[in-house]
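Please open the model in your viewer and keep the sequence panel beside it. The tour moves from the whole chain to a single residue.

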Amino acid sequence: MALKIIASMCTGCSACEPECPNVAIREKGGTFVIDPKKCTECEGHFDSPQCIAVCPVDGCIKPA
């Protein structure tokens, strides 16, 4: 399973990008996107997705 960043809600703050252990998050057009092929929702690394934990916008990152 993978996560998705809702582009209309993303502020482009970049808090999520350095937290991803799979390097699945990148900047695209002023907001950030998650590569579903790389995203594991941090399984095997952390107990919960780190991008959601650091995102300042509630509901911006959801299951794809």
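What follows is a short series of selections, each with a note on what is there.

Begin with the whole chain, bearing in mind that this is a predicted model. Coloured by secondary structure, the chain shows 1 helix and 4 strands, and, followed from the N terminus, these elements come in the order β-β-β-α-β. The chain is as compact as a globular protein of its length, because its radius of gyration of 10 Å is close to the 11 Å that the globule rule gives for 64 residues. If you reduce the display to the C-alpha trace, its span along the principal axes is about 30 × 20 × 20 Å.

Next, turn on the surface, which amounts to about 4100 Å² of accessible area, with carbon and sulfur atoms contributing 53% of it. Of the 64 residues in the chain, 31% are buried. Among contacts with a separation of 6 or more, 57% join residues that are 24 or more positions apart.

Now select the charged side chains, of which 6 are positive and 8 are negative, and note that the centres of these two sets are 12 Å apart.

Finally, select helix 1, which covers residues 50-54 and includes Gln50. Is Gln50 buried or exposed? Gln50 counts as buried, because its relative accessibility is 17% and the cut-off for buried is under 20%. To see what is around Gln50, show Glu19 and Cys42 as well, since both are in contact with Gln50 once its neighbours within four places in sequence are set aside.

Conventions. Residues numbered from 1 in each chain as written. Predicted model: local features only at pLDDT ≥ 70, side-chain atom pairs only at ≥ 80, totals over all residues. Heavy atoms only, no water. Helix = DSSP H or I, 4+ residues; strand = E, 2+ residues; numbered from the N terminus. Buried < 20%, exposed > 50% of the residue type's maximum accessible area, 1.4 Å probe, protein only. Contact = heavy atoms within 4.5 Å. Rg over C-alpha atoms; globule rule 2.2 N^0.38 Å. Areas by Shrake-Rupley, 256 points an atom, 1.4 Å probe, with all protein chains shown as cover. Lys, Arg positive; Asp, Glu negative; His and termini not counted. Charge placed at Lys NZ, Arg CZ, Asp CG, Glu CD.
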